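Biologist: I'm new to this one. Can you put it up so we can go through a few points?

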Amino acid sequence: MASDTPESLMALCTDFCLRNLDGTLGYLLDKETLRLHPDIFLPSEICDRLVNEYVELVNAACNFEPHESFFSLFSDPRSTRLTRIHLREDLVQDQDLEAIRKQDLVELYLTNCEKLSAKSLQTLRSFSHTLVSLSLFGCANIFYEEESPGGCEDECLVNPTCQVLVKDFTFEGFSRLRFLNLGRMIDGVPVESLLRPLHSLAALDLSGIQTSDAAFLTQWKDSLVSLVLYNMDLSDDHIRVIVQLHKLRHLDISRDRLSSYYKFKLTRKVLSLFVQKLGNLMSLDISGHMILENCSISKMEEEAGQTSIEPSKSSIMPFRALKRPLQFLGLFETSLCRLTHIPAYKVSGDKNEEQVLNAIEAYTEHRPEITSRAINLLFDIARIERCNQLLRALKLVITALKCHKYDKNIQVTGSAALFYLTNSEYRSEQSVKLRRQVIQVVLNGMESYQEVTVQRNCCLTLCNFSIPEELEFQYRRVNELLLSILNPTRQDESIQRIAVHLCNALVCQVDNDHKEAVGKMGFVVTMLKLIQKKLLDKICDQVMEFSWSALWNITDETPDNCEMFLNFNGMKLFLDCLKEFPEKQELHRNMLGLLGNVAEVKELRPQLMTSQFISVFSNLLESKADGIEVSYNACGVLSHIMFDGPEAWGVCEPRREEVEERMWAAIQSWDINSRRNINYRSFEPILRLLPQGISPVSQHWATWALYNLVSVYPDKYCPLLIKEGGMPLLRDLIKMVTARQETKEMARKVIEHCSNFKEENMDTSR
């Protein structure tokens, strides 16, 4: 099972400081610019963590607002020290790098920072004397600068500023630079001249860059240990250069087989060359390549013996010459991954769960197009088979969803995979901490994407959790998202149905403060609009029934929400639904349950006192819909109205006495052993009807309700009645002159039931 180990003190302190910058580390200068307190000095371990965690929070946490001048906290190296930082996405702008230019950075990773321009190239020079690792992956605009209209004619008549490619920048002076990632750089950047000043490169990533002449790579033949040429259209000339890089330990020439047409095909000869010439090779990725010749041994020979990673038994013939198994071999979307004997400790591919998870792990950060297809394979494994490495799978999908928050394919496949990875079959293996991480990324997806498939997948995944308990730590956020989904203008029926179900579950078993807060978010109004839309369409489906059920739950002991229901035409909708759908029993039960909540609020009862409403409630006393539920709830509404006394009866028809007689008849017709479709959290609204003589029928209804509940569900309701002080009230009722004899008899039976329950459950252990 996954660990529920609490966060480290360092992690908690970092999070707190970042959420409270003005008041912990810094203060606001001129009400907007952050400045570090003068008496603070922070070492690199803390500064690096603050910056990297800040980036993580901005990208992953919905309730975290980035501060425009955050990086100015680290402008002075005398009080703060930055050495290794990882920045990503549109969070980072030119002025942010400029703010930290005095720092002696050793490692700077800039990933998909598309807002960086050529101004940041000049800032990079500030780090040239210390920088060892640099990544500009996906920083597509960093080699562009603005030119005034005078410098570019027709194009600038449309656009007042013109983007011009910078061609004179080089890494001159970056004497310590060993690791460089220029992946997904825009076309036109002169890579060879850019890199020429670097004499001792150890790792180079040129993913997605096209160069017909790779001979310049040989200047590092004695130092280069890692070379990534993902999605580069290769040729025999490229291969001749690569095999001269004899120090290589990691070589990646993989490609996305769907992105474009590649002329180059891998052959048995090329693979043999890699094995012969690159004797230090520990990791090789040839994913996505079509193998031109047959590189595998015969099927009969392959099936002999147990699976082995020994090179001498390799199913891939060229790899039999390896001196030792590779640490990693990338074979995703190649025919070779399906062979039996593969000489590598870790293989990415699509043959089985292990290979698929290896693929997700290897490609998540920089190759979302590959990752989404690998996650799709994981989705099939979780859906059709059983996922054997559940925790690893969950963590990898969570990481992918966080890393690519705005990538539609990742969000669609990832949210679908999460639905199957979090279902009840796997629940016991998941910690609270891990399940909370799932909830966070699901809500992130719902926020970032209004796309139907993502929204549906996310809602379905939330249904795998215990509601409201597991969602309570994000209670407000999840309700806001669901209410936005339930905008009646949206037509997707399946999402509406799931979202209403979730809304209903979220307000079913929570305290009144939560219900009031959700009511103020527009919950009541949203449900009424949904009901109105269904009524116009003359459709009574699950959305209609769930909406009334949700209103029943959210109005329970919450007067503000009851008032909102009345103020927004709730009673008219009730009457219209009753008329339009006379046979819908569950609908009637839900509506009457809601009106029972409204009737419990003394200040609102006068609004129910109309001839039309009283007649409807009286007629429903004789309803047999849903067992006794509709009749019981109608009687409950009338019991509270009767409780206000004859002087509050403001209608001539029907007469109070006539309604009272019908209530007595209805109660006497009910089976005391009826099983109930109801859930009381408190008896307070019922108990207040006991100590009074103004309406004996209300008193009788309340006593019958208690007798039924403690008889049928003693374990649940006997303790609740005792706890809320019901026993003394029942004893007092028995002594009351105004109470009917049958009511007194029933009260005695309730007391007897609870007394017996108390004795049976008494602890006799010593």
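Biologist: Is the crossing of helix 22 and helix 23 left-handed or right-handed?

Modeller: Helix 22 and helix 23 cross in a left-handed way. Keep in mind that this is a predicted model.

Biologist: At what angle do the axes of helix 22 and helix 23 cross?

Modeller: Roughly 155°, and the axes of helix 22 (residues 570–580) and helix 23 (residues 585–599) come within 11 Å. Angles over 145 degrees count as roughly antiparallel, so helix 22 is roughly antiparallel to helix 23.

Biologist: Which residues meet there?

Modeller: From helix 22, M571, F574, C577 and L578. They meet L587, H588, M591, L592 and L595 in helix 23.

Biologist: Cysteines next. How many disulfides does a search of the whole structure find?

Modeller: Zero.

Biologist: Why is there no bond for C503?

Modeller: The closest cysteine sulfur, in C459, is 8.8 Å from the sulfur of C503, so it is too far for a bond. C503 is also buried, at 0% relative accessibility.

Biologist: And what is the distance from C754 to the nearest cysteine sulfur?

Modeller: That sulfur belongs to C718 and is 3.8 Å away. A disulfide needs the sulfur atoms within 2.5 Å, and C754 is in none. C754 is buried, with a relative accessible area of 0%.

Biologist: Switching to helix 28, how many residues does it have?

Modeller: Helix 28 has 17, residues 696–712. From first C-alpha to last it reaches 24 Å, close to the 24 Å expected.

Biologist: How many residues of helix 28 are buried?

Modeller: 15 of the 17, so helix 28 is largely enclosed by the rest of the structure.

Conventions:
Residues are numbered from 1 along each chain as its sequence is written. This is a predicted model: local features need pLDDT of at least 70, side-chain atom pairs count only at pLDDT 80 or more; totals for chains, interfaces and linings use all residues. Side-chain values use heavy atoms; hydrogens and water are left out. Helices (H or I, at least four residues) and strands (E, at least two) are DSSP runs, numbered from the N terminus. The expected span of a helix is 1.5 Å times one less than its number of residues. Buried means under 20% relative accessible area, exposed over 50%, partly exposed in between (1.4 Å probe, protein chains only). Axes are lines fitted to C-alpha atoms, for helices over the stretch in contact, and angles run from 0 to 180 degrees between N-to-C directions. Angles under 35 degrees count as roughly parallel, over 145 as roughly antiparallel, 65 to 115 as roughly perpendicular and the rest as oblique. A crossing is left-handed if the near helix is turned anticlockwise from the far one by less than a right angle, and right-handed if clockwise. Contact means heavy atoms within 4.5 Å.
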